[in-house]
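Trainee: Could you take me closely through a single part, the nonpolar core, and keep to what can be read from the model?

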Amino acid sequence: MTKKISVLVGSLRKGSFNRMLAKTLIHEAPEAMTFDFVEIGDLPLYNPDLDDEGTAPEAWTVFRKAISASDGVMFVTPEYNRGLPAAIKNALDVGSRPYGESVWAGKPALVVSGSMGGVGGFGANHHLRQSLVFLDMPVLQQPEAYIGGFHTMFDDDGTMTNDDTRKFLGTIMTAYAAWVSTITG
Ligand SMILES: Cc1cc2nc3c(=O)[nH]c(=O)nc-3n(C[C@H](O)[C@H](O)[C@H](O)COP(=O)(O)O)c2cc1C
């Protein structure tokens, strides 16, 4: 059965290399998966009072429904100051509440980090994994994906020009597809 995957990109930048990376990952994915970018840039900062008072912003509700309706979640993110970007953390927080109604639990996840630097966003990748453990998301362990120097890998149209990396991204997506099937049946 076709699996529906939500894609969250940690960069809000128009020319984001992480978004190009996400599109390449999707391009290299097996056919048994469909992908929807779920935008996180306009989610108001999480404030529990709004849930408690029944005044949750519409954007939170739409976001929670989108994640709930998916079979898995793919995170593609830059590293900001050796951690994960605030936009992703806010999205995690919004989806985790109201208490007992988290939309994340049990959804198989993929974490890919990308950076201009050689370390490939390792800090952000594992910072994100720390929250995903608590949110009870089974995260693909191998292959790990820290894509360094990614600003040299795309042409002006956002097409991946590095064949070795493109093949590696295909390997990741094949492993993720198998992981999603293992978890969701
Ligand atoms: C606020 C900020 C903090 C950053 N911190 C890091 C960092 O800790 N490690 C790193 O490798 N790159 C860091 N960068 C550089 C990003 O890797 C680079 O801007 C990258 O292109 C961001 O991804 P994007 O192209 O998808 O926006 C930082 C960039 C910004 C804007």
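Mentor: What follows is a walk through the core, ending with one helix pair. The model is predicted, so local features need pLDDT of at least 70 and side-chain atom pairs count only at pLDDT 80 or more, while totals for chains, interfaces and linings use all residues. Residues are numbered from 1 along each chain as its sequence is written.

A nonpolar core here is a set of buried Ala, Val, Leu, Ile, Met, Phe, Trp, Tyr and Cys residues joined through C-beta atoms within 7 Å, where buried means that 20 or more other C-beta atoms, placed from the backbone, lie within 10 Å of the residue's own. The largest such core has 43 residues, and those with the most contacts inside it include Leu-8, Leu-21, Phe-75 and Val-112. Among the elements that each supply at least two residues of this core are strand E1 (3-9), helix H1 (17-27), strand E4 (109-114) and helix H6 (163-184), with H6 giving the most, 6 residues. Helices (H or I, at least four residues) and strands (E, at least two) are DSSP runs, numbered from the N terminus.

Leaving aside neighbours within four places in sequence, Val-112 is in contact (C-beta atoms, placed from the backbone, within 7 Å) with Leu-21, Leu-25, Val-76, Ala-145, Ile-147 and Ile-172.

Helix H4 (86-96) also supplies at least two core residues, and its axis comes within 9 Å of that of helix H3 (residues 58-68), crossing at roughly 85°. That makes H3 roughly perpendicular to H4, a term covering angles of 65 to 115 degrees. Trp-60, Phe-63, Arg-64 and Ile-67 of H3 make the contact with Ala-91, Val-94 and Gly-95 of H4.

Conventions: Buried ≥ 20, exposed ≤ 12 C-beta atoms within 10 Å, placed from the backbone. Contact = placed C-beta atoms within 7 Å. Axes fitted to C-alpha atoms, helices over the stretch in contact; angles between N-to-C directions. Parallel < 35°, antiparallel > 145°, perpendicular 65-115°, else oblique.
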